[in-house]
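This report describes the overall dimensions, the strand content and two backbone features of a single chain. Please consult the sequence and the structure below while reading.

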Amino acid sequence: MTPSTAHHVTINGFKLNSFAGNVGTWYYFANQQFGNLEEGINTYTIRYFDANDVEIYKQLFIIKKLPNTTT
């Protein structure tokens, strides 16, 4: 997949406003305050779509958040 073929990107169904199709870059904030990052295993499905809203690529991403500890 070349960056110019992707028109938009979703993560767990959320369409990214930060995706720059011609450049192919994007960002996503996984954060407890946003409700998209909890302790334990967090799974994210990243989907790339063309201009006709056809999925052209899918990627799974996992973040393991450890509990906060105090010393």
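The chain has a radius of gyration of 14 Å, whereas a compact globule of 71 residues would have one near 11 Å; the radius is taken over C-alpha atoms, and the globule rule is 2.2 Å times the number of residues to the power 0.38. Along the principal axes, the C-alpha atoms fill a box of roughly 50 × 20 × 15 Å. This is a predicted model, in which local features need pLDDT of at least 70, side-chain atom pairs count only at pLDDT 80 or more, and totals for chains, interfaces and linings use all residues. Residues are numbered from 1 along each chain as its sequence is written, and side-chain values use heavy atoms, with hydrogens and water left out.

The secondary structure comprises zero helices and four strands, in the order β-β-β-β from the N terminus. Helices (H or I, at least four residues) and strands (E, at least two) are DSSP runs, numbered from the N terminus. Of the 71 residues, 27% are buried, that is, under 20% relative accessible area with a 1.4 Å probe, protein chains only.

Two loop residues other than glycine have a positive phi, as tabulated here.

| Residue | Phi | Loop |
|---|---|---|
| Asn-12 | near 50° | between strand 1 (8-11) and strand 2 (14-15) |
| Asp-53 | about 65° | between strand 3 (40-49) and strand 4 (55-65) |

Asn-12 is partly exposed (between the 20% limit for buried and the 50% limit for exposed), because its relative accessible area is 45%.
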